[in-house]
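Subject: Handing over the structure

Hello,

Here is the structure I promised to pass on to you. Please have a look at it first, and then read on for what turned up in it.

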Amino acid sequence: MFTTPKLPNCHFEILKKEELLCPPNLFSFVHLFYSSVKLFTHRGDSRSPSSAQKSSRRSTVPTPAKRRSSVLWSEMVDTNVRQSLTAKEIRRQEVIYEMSRGEQNLIEDLKLARKAYHDPMLKLSIMSEEELTHIFGDLDAYIPLHEDLLARIGAATKPGGTVEQIGPILVNWLPGLNAYKGYCSNQLAAKALLDQKRKDPRVQDFLQRCLESPFSRKLDLWSFLDNPRSRLVKYP
C-alpha cells in the first residue's frame, strides 16, 4: 500500500538542495538581501492572543474564526499519477505545492490587510494617509509580486498536477523581492507607530472589532503585516 512520505522539517529543504543552481552574481544578491532582512526585521512574537487586545469598554464574545483548509498535494492528484512517481519525487511535489499554497495565503492576507484595515481606516479618518503608508508599506507593489510567482508556477504545472522545473522560475523571480527592502528595514518603526496609535480609542475600537470578526482568524493586524517578513526567510 502506498503511504504519503513525511515532509521535511524545513519547508523548502529539497528545493535548496536540488534544481536551484544560481549564477554567482544572483547568489550574491540573494545572500546580501536576506542578510539585510534578518538584520532589520522585527522577530518578536507576531501572533498575540486576542486577550491582549481586549477593550475595557467592550464585552462582546468574538465570533468563531475562519480556518484555512490544509491538504497535501498527494491528496489532490490522480492516484495513477501519484503511483507513477518515486517517493522522492512525491516529496518534491509536496514542497512545491506547499510553496504555491503559501503564496496564495500571503496574497489573501495582503489583500485582507488592505481591504479590511488600510482602506476603512483611511476612509473613516482613523489614521492619516501618511501614518497608514508608514505602517502598511506599498501593498500595491507587494501583491502583484506574489501573484506573478503564483502565475508562473501555475503555468509550469502539467495537467496531471506535477511541476518539473521550479528552479529557473525562482531564479528569475527572486530579484523582485528587492521591493521589500524598505518594508523590512522599516518594520521596527512601523510596529512602534502602530503600538502608539493603539492608545487612540478610535484605533483600538476599530482593531478590536476586526479581531472579533471571522475574517481575522483571531489574528491581530500586526500578524498580517508581519507575514511577508516571515515568508521572505523561507524562500530558497
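Let me begin at a small spot: Arg-217 is found in the loop between H10 and H11. Although Arg-217 is not a glycine, its phi is positive, at about 55 degrees. Please keep in mind as you read that this is a predicted model.

A second residue belongs beside that one. Ser-125, not a glycine either, also has a positive phi of about 55 degrees. Ser-125 sits in the loop between H4 and H5, and with a relative accessible area of 53% it is exposed.

Now for the overall picture. The protein chain has 11 helices and zero strands, so if you follow the sequence from start to end you read α-α-α-α-α-α-α-α-α-α-α. Of its 236 residues, 42% count as buried. The accessible surface comes to about 12900 Å², and 54% of that belongs to carbon and sulfur atoms. If you take the contacts between residues at least 6 apart in sequence, 84% of them join residues at least 24 apart.

Next, the inside. As a general point, nonpolar side chains in soluble globular proteins tend to be buried together. Here, the largest nonpolar core holds 46 residues, and those that touch the most other members are Tyr-117, Met-121, Phe-136, Leu-177, Tyr-180, Leu-221 and Leu-225. At least two residues of this core come from each of H4 (87-123), H5 (129-136), H6 (139-156), H7 (167-173), H8 (181-185), H9, H10 (201-211) and H11. H4 gives the largest share, 10 residues.

Met-121 is a good residue to click on. Not counting residues up to four places away in sequence, Met-121 touches Ile-126, Met-127, Leu-132, Phe-136, Phe-206 and Leu-221.

Which residues does Pro-120 contact, leaving aside its neighbours within four places in sequence? They are Arg-114, Lys-115 and Phe-206. Pro-120 has its place in helix H4 and is partly exposed, with a relative accessible area of 22%. Its C-alpha atom is separated by 9.4 Å from that of Phe-206, a residue 86 places away along the chain.

Ile-143, in helix H6, has a relative accessible area of 4% and is therefore buried, the cut-off being under 20%. Beyond residues up to four places away in sequence, Ile-143 touches Ile-107, Leu-110, Lys-111 and Arg-114. The C-alpha atoms of Ile-143 and Leu-110 are separated by 6.6 Å, with their positions 33 residues apart along the chain.

Then there is the end of the chain to explore, starting with H10. This helix is mostly covered, as eight of its 11 residues are buried. The buried ones are Val-203, Gln-204, Asp-205, Phe-206, Leu-207, Gln-208, Cys-210 and Leu-211. They pack against H4, H9 and H11.

How many of the 12 residues of H11 are buried? The count is 11, so H11 is largely enclosed by the rest of the structure. Among them are Trp-222, Phe-224, Asn-227, Pro-228, Arg-231 and Leu-232.

H11 also has a partner worth a look. Two packed helices are described by the angle between their axes and the distance between the axes. For H9 (residues 187-197) and H11 (residues 221-232), the axes come within 12 Å and cross at roughly 175 degrees. The two helices are therefore roughly antiparallel to each other. On the H9 side, Gln-187, Ala-190, Lys-191 and Leu-194 take part, and they meet Leu-221, Trp-222, Leu-225, Asp-226 and Arg-229 in H11. By type, the residues of this contact divide into five nonpolar, one polar and three charged. Two of the H11 residues in this contact, Leu-221 and Leu-225, were also listed above for the core.

One last stop is Asn-80, in helix H3 (residues 79-83). Is Asn-80 buried or exposed? Its relative accessibility is 58%, so it counts as exposed. The C-alpha atoms of Asn-80 and Gly-160 are separated by 9.5 Å, and the two residues are 80 apart along the chain.

Enjoy exploring it, and do write back with any questions.

Best wishes

Terms used:
Residues numbered from 1 in each chain as written. Predicted model: local features only at pLDDT ≥ 70, side-chain atom pairs only at ≥ 80, totals over all residues. Heavy atoms only, no water. Axes fitted to C-alpha atoms, helices over the stretch in contact; angles between N-to-C directions. Helix = DSSP H or I, 4+ residues; strand = E, 2+ residues; numbered from the N terminus. Parallel < 35°, antiparallel > 145°, perpendicular 65-115°, else oblique. Contact = heavy atoms within 4.5 Å. Nonpolar A, V, L, I, M, F, W, Y, C, P; charged D, E, K, R; others polar. Buried < 20%, exposed > 50% of the residue type's maximum accessible area, 1.4 Å probe, protein only. Areas by Shrake-Rupley, 256 points an atom, 1.4 Å probe, with all protein chains shown as cover. Core = buried A, V, L, I, M, F, W, Y, C linked by side-chain atoms within 4.5 Å.
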